[in-house]
Amino acid sequence: MTAAISCLATSAFIDSLADVGYVAGEGASVAEDAVKLLGVTFWSIYAVACAWRAAAASAISAPALLVEESTLAGSPAMPGNGRTSWDRTPKRSMNR
């Protein structure tokens, strides 16, 4: 984000110098547009990285919401069948 802000500020600075007359010609316009494009690129990279981190954090914090509980009922380490993740011993029937 810092790189994006710096590039966009530099673009505005070059534009203000061109308006006053300190910098003239096609080179100033190309430099301003190049720095502006670089700033927008950095800004886009920052936005995608933030979205990626937010998506990864939400997927880690709530993975059970992605799978229905009814599909997990037959699994040996899932809720709904009377076993815990640390209890790997088979359940014995009371009707021997």
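**Exercise 1. Place Glu32 in the fold and decide whether Glu32 is buried or exposed.**

*Step 1.* Start with the secondary structure: Glu32 sits in helix 2, which covers residues 26–61. Helices here are DSSP runs of H or I with at least four residues, numbered from the N terminus.

*Step 2.* Next, take the accessibility. Glu32 counts as buried because its relative accessibility is 13% (buried means under 20% relative accessible area, exposed over 50%, partly exposed in between, with a 1.4 Å probe and protein chains only).

*Step 3.* Now look for partners. Leaving out residues up to four places away in sequence, Glu32 touches Ser11, Ile14 and Asp15; contact means heavy atoms within 4.5 Å.

A word on the model: it is predicted, so local features need pLDDT of at least 70 and side-chain atom pairs pLDDT 80 or more, while totals for chains, interfaces and linings use all residues. Residues are numbered from 1 along each chain as its sequence is written, and side-chain values use heavy atoms, without hydrogens and water.

**Exercise 2. Describe the surroundings of Trp43.**

*Step 1.* Trp43 is found in helix 2.

*Step 2.* With a relative accessibility of 47%, Trp43 is classed as partly exposed.

*Step 3.* Not counting residues up to four places away in sequence, Trp43 touches Met1, Ala4 and Leu8.

*Step 4.* Try a distance too: the C-alpha atoms of Trp43 and Ile5 are separated by 8.0 Å, and these residues are 38 residues apart along the chain.

Definitions and conventions: Helix = DSSP H or I, 4+ residues; strand = E, 2+ residues; numbered from the N terminus.
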